Each structure stands twice: as C-alpha cells, then as structure tokens.
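Let's take a quick tour of one helix and one sheet. Have a look at the model first, then read on.

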There are 2 protein chains.
Amino acid sequence: MSSTARTKATEQSAFSTKTFPVVEIFGPTIQGEGALAGQLTMFVRFGGCDFSCSWCDSSHAVLPEEVRKAAKMTAQQIVFDLLARADPHYMLWVTLSGGNPALHGLNFLVDQLHSFGFRVAVETQGSMYKPWLNKVDLITISPKPPSSGMVNTGLEEFTKHLQEDVYAQGRKPRVSLKVPIWDEADLDFARALHKRYPAIPFYLSVVTAMGGLHGDFDGGRIDDKLEVIARYGWLVDRVIGDQGFTDLAGVFPQLHVLLWGHDRGH
Amino acid sequence: MSSTARTKATEQSAFSTKTFPVVEIFGPTIQGEGALAGQLTMFVRFGGCDFSCSWCDSSHAVLPEEVRKAAKMTAQQIVFDLLARADPHYMLWVTLSGGNPALHGLNFLVDQLHSFGFRVAVETQGSMYKPWLNKVDLITISPKPPSSGMVNTGLEEFTKHLQEDVYAQGRKPRVSLKVPIWDEADLDFARALHKRYPAIPFYLSVVTAMGGLHGDFDGGRIDDKLEVIARYGWLVDRVIGDQGFTDLAGVFPQLHVLLWGHDRGH
C-alpha cells in the first residue's frame with residue numbers, strides 16, 4: 001500500500017468510525033413547513049444546539065441532559081437505518097435537522113446519502129457555517145426571531161460563505177429562509193430579514209404555542225389543533241396586504257403539528 | 001386612420017367590450033393546495049363548467065341557474081377590480097379559476113394582467129385546450145378522479161397541445177397536476193396518472209367531505225375542521241411508503257377550507 005493509499009484508507013476509516021449524537025431518525029413522514037412543505041421526507045435529528053429557543057419543539061435535541069442520552073451512530077449506521085425505512089427510488093428526501101446539524105462534520109454522511117440516491121435537505125438557524133453544507137440539495141435557513149429569546153448572529157457570514165463556496169464548487173443548493181412567527185415583533189424581524197435578502201425564497205411558519213422546552217402544548221388535544229388553525233388564520237390575515245412581504249414563497253401552519261402535535265417520531 | 005390601424009382599433013375595441021361571466025373576484029388570500037399552496041394570490045372565478053363534480057366546492061360557478069346570475073365583466077373591468085385590491089408590486093399572483101376558465105377566450109385578459117406586472121395562474125381540469133393557456137405562468141391541471149362522478153376526457157390532447165404551443169412560442173408555463181382524493185379508487189386513478197406523466201410535478205389534495213353541489217359541509221364548524229385534519233392524516237398515511245407515488249411534489253389538506261370552510265370570498 002502506498003503512503004497516499006494508506007492515508008486515504010485511514011481517513012476513510014476515521015470517517016467510518018466517527019460517531020454523531022442522533023436523537024431520533026423517523027419517517028417517511030410529511031415535511032410540515034418551508035420549501036418542502038407537503039412533501040414526503042425522512043428525518044435525522046442530531047443532538048446539540050447552540051441555541052435554546054423559548055418555543056423549541058425539539059428539546060430532546062437541545063437540552064444537554066437529553067442530548068447525552070442520544071445514540072452515537074456512524075454515518076454508515078445512519079444510512080442503513082434510512083435504507084431500512086425506504087427505498088431512495090421512491091422516497092428521495094432525507095432532512096438533516098436538530099438541534100443544529102451544522103455543529104457536526106457531516107461531509108461523509110452527505111456523500112453516502114447521495115451515493116445511494118437520496119436528496120439531502122438541511123434545516124439550520126444559519127449561525128454556523130460548514131463547507132459540507134454546499135453539497136446538499138436544499139438548505140432551509142431558519143433564523144430565530146425575538147420571541148425565541150435568542151439573538152441570531154452569524155447569518156451574514158453564513159450566507160456569504162454559502163455563496164462563495166457554492167460558486168467555487170459549481171454546485172448550487174436551493175436556499176430558502178423560513179422564520180417562525182409568534183407575535184408582531186417577530187413579524188418586524190421577518191420583514192427586515194426579507195428586505196435584507198430579497199432574492200432568497202421566504203417562508204413563514206406560525207409558532208403554535210409556547211410549548212417545547214418550557215410549555216406543555218399537546219397537538220393531540222382537540223383544542224390545540226384548533227389553536228393551530230386559529231393562529232394560522234391570524235398569520236395569514238396579518239401578511240395579506242402587508243407590503244413588507246413581497247411575493248412570499250409560502251405561509252404554512254406546521255402541517256406536522258396539525259396532524260400529530262409535538263409527538264416525537266413524526 | 002389607415003385601414004390596418006382601423007382594423008387594429010376595431011379588434012382592440014372588440015376585445016375591450018367582450019364580457020365574461022365572473023362569479024366572484026376575491027383576495028388577496030392564500031392558495032390552499034397545489035403548486036402555489038401557502039402563497040398569496042387573488043382569484044377570478046369564471047362561471048361555466050363542462051363538468052359537475054359530486055364534491056364540487058364552487059357550485060355557484062357550475063350550476064346553470066347560478067351562473068346566469070354572474071356579473072358580465074370586460075377584461076378591463078376585471079383588471080381594475082384586481083388593481084383596487086392589491087398592487088402587483090407586492091401581490092403578484094392572480095389565479096384564474098372556475099368552473100373551467102378554459103371555456104373562455106382570455107387571451108386579452110392575460111396580456112392585460114401581464115402588462116400590469118401580475119403573474120397569472122390557471123386552474124383547469126384539462127378537458128379543453130385554448131392557445132392563451134400557454135401565455136400564463138402556471139397551469140394546474142386538476143383531472144377529476146372517479147369519486148367526482150365525471151369521466152376526464154381530453155387530457156392527452158390537452159397536454160400535447162400545451163407542449164407543442166409552448167415550444168412554438170418559446171415560453172414555458174410551469175405545469176403541474178393536482179388530483180383531489182376522496183377514496184381508494186381515486187388513489188388508483190392518481191397513481192395511474194402519475195405513472196403516465198412522471199415528469200409533471202404531482203400534487204394530491206384531500207377532498208374534505210361530500211359537500212358543495214350535493215352536501216352541506218361547513219368548514220366553520222369545529223367538527224368539520226377536525227374532519228379536514230383527520231382526512232388529511234388518512235391521505236398522508238396512505239401515500240407514505242406507496243411506491244406508486246414517486247417523489248410527490250406535495251400533499252395538502254386544502255388550507256383554505258381549514259381556515260374558512262367553503263365560504264365564498266376566500
């Protein structure tokens with residue numbers, strides 16, 4: 001074995017044995033919001049997040065004591081789990097979510113998923129850039145508005161990197177922005193963001209309730225389903241005729257929450 | 001005035017004074033299904049239909065005694081009505097619906113809408129082709145499945161014309177298929193259609209209830225909203241893992257019905 005081949009083999013083996021905290025793999029199910037809303041996808045939810053949003057619906061991927069319980073999986077184990085769930089010939093999308101998946105080095109995983117024929121989507125708040133991001137097929141940047149309690153930094157740099165590296169590699173993932181909306185302050189935040197990035201397809205999602213980390217929202221209850229619809233109606237009424245939202249790409253009620261509440265596994 | 005100019009002026013005036021049965025103009029509101037789901041649009045609903053589907057949600061545009069009551073409007077009157085509702089600079093889409101809008105000669109209307117900066121979408125069952133169709137920006141062909149009680153003829157010819165004329169004019173409207181689903185027989189119909197036209201983005205919509213022409217579905221009632229969600233859940237479960245539906249472009253619950261039932265004006 002030449003030394004180059006040996007280095008390659010070592011790298012390959014390093015890639016293969018490296019593990020990631022995977023909180024859950026689920027699907028096929030429906031994507032409830034954003035650019036793939038209404039489409040079927042599987043999800044890989046990675047543990048670990050640089051944020052801690054007040055209405056986070058995935059606390060099990062964020063709270064350190066929860067993330068510590070996550071399975072440690074290699075890229076290959078993740079791919080095999082997905083292949084057991086669906087044939088990439090008819091179930092094309094795999095969505096890498098979190099937490100913030102951009103905390104992890106997923107270059108090898110993305111390559112593996114592509115080699116099996118999957119399309120790869122990523123959901124991230126855009127606070128942290130990784131070069132593997134521009135290998136994927138769709139990036140949904142979901143910056144957190146004031147109601148999250150977070151300050152969304154790094155977005156400027158994130159989009160700049162994305163553009164530069166995209167051009168460098170001659171590959172261009174579809175990029176979209178999606179902002180969760182709870183109140184008027186969030187709408188102001190979204191309007192400013194849309195104005196800053198007019199060329200990026202812009203989606204709004206209604207936050208269903210102060211649930212997740214700090215609440216007890218349960219979409220399985222009838223009242224909560226009606227609450228989702230009512231809040232969706234509010235958001236639609238609010239953006240209709242608002243000249244700050246030019247040519248919105250979509251306003252959605254989080255279809256998955258409508259169907260299944262915040263239950264895990266959907 | 002030269003004779004050519006006179007001919008042109010006569011044509012122009014013929015265009016301008018020609019009227020169409022308009023059952024309703026409404027919006028801005030949200031598109032509840034298909035390729036523009038979640039996006040804001042205005043609607044022009046034309047009276048008259050070559051079909052009479054069992055669950056039609058627009059009987060006022062179909063039943064002859066209702067259509068006779070429709071306002072007769074010129075293209076210019078339609079455009080002015082729309083302009084009074086929204087500035088095309090921030091509210092780009094106008095959706096021509098029915099009934100079946102392809103019953104009418106809307107060439108001049110489409111030109112006028114474009115000249116003011118609107119994008120034009122059309123919803124039709126694809127039973128009847130008109131050359132103006134390939135001037136628009138988006139065509140949603142919505143062939144009616146068995147539960148409609150209709151037999152959908154003309155689709156083959158419709159798509160063929162569409163392709164030919166599109167190439168002839170060097171303009172290409174986005175084309176998508178959308179099938180309303182009530183039961184298993186409808187799913188069989190949809191599956192066969194998707195197989196026949198694999199390259200056309202394919203959307204499914206759940207039919208909410210046997211309402212419209214022959215029923216009394218009322219989306220304002222709580223039970224009916226929950227029924228929409230339940231039936232949407234059924235459809236999602238049904239298509240997940242169904243290898244007959246490769247890479248669906250979207251499955252939606254008719255978002256407008258969820259919000260407003262079958263009330264007119266939304």
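**What surrounds helix 3**

Strand 1 (19-30), strand 2 (40-46), strand 3 (71-74), strand 4 (93-97) and helix 4 (107-115) of chain A are among the elements that cover the buried residues of helix 3 of chain A. Covering goes by contact, meaning heavy atoms within 4.5 Å; helices (H or I, at least four residues) and strands (E, at least two) are DSSP runs, numbered from the N terminus. This is a predicted model, where local features need pLDDT of at least 70, side-chain atom pairs count only at pLDDT 80 or more, and totals for chains, interfaces and linings use all residues. Residues are numbered from 1 along each chain as its sequence is written, chains are lettered from A and ligands numbered from 1 in the order in which they are written, and side-chain values use heavy atoms, leaving out hydrogens and water.

**Two sides of helix 3, chain A**

- Within residues 75-85, A:Ala75, A:Ile78, A:Val79 and A:Leu82 are buried (under 20% relative accessible area, with exposed over 50% and partly exposed in between; 1.4 Å probe, protein chains only).
- They sit on the same side of helix 3 of chain A because they cover an arc of only 95° around the axis, going by the directions from the helix axis to the C-beta atoms.
- Flip to the face turned away from that buried side and you'll find the exposed A:Phe80 and A:Ala84.

**The sheet in chain B**

- Here 9 strands make an open sheet with mixed pairing, in the order 3-1-2-4-5-6-7-8-9 (two strands pair if DSSP finds at least two bridges between them).
- Its edge strands, strand 3 (71-74) and strand 9 (250-252) of chain B, each pair on one side only.
- Strand 1 (residues 19-30) and strand 3 of chain B are antiparallel partners over 4 bridges.
- B:Val22 has B:Ala71, in strand 3 of chain B, as its bridge partner.
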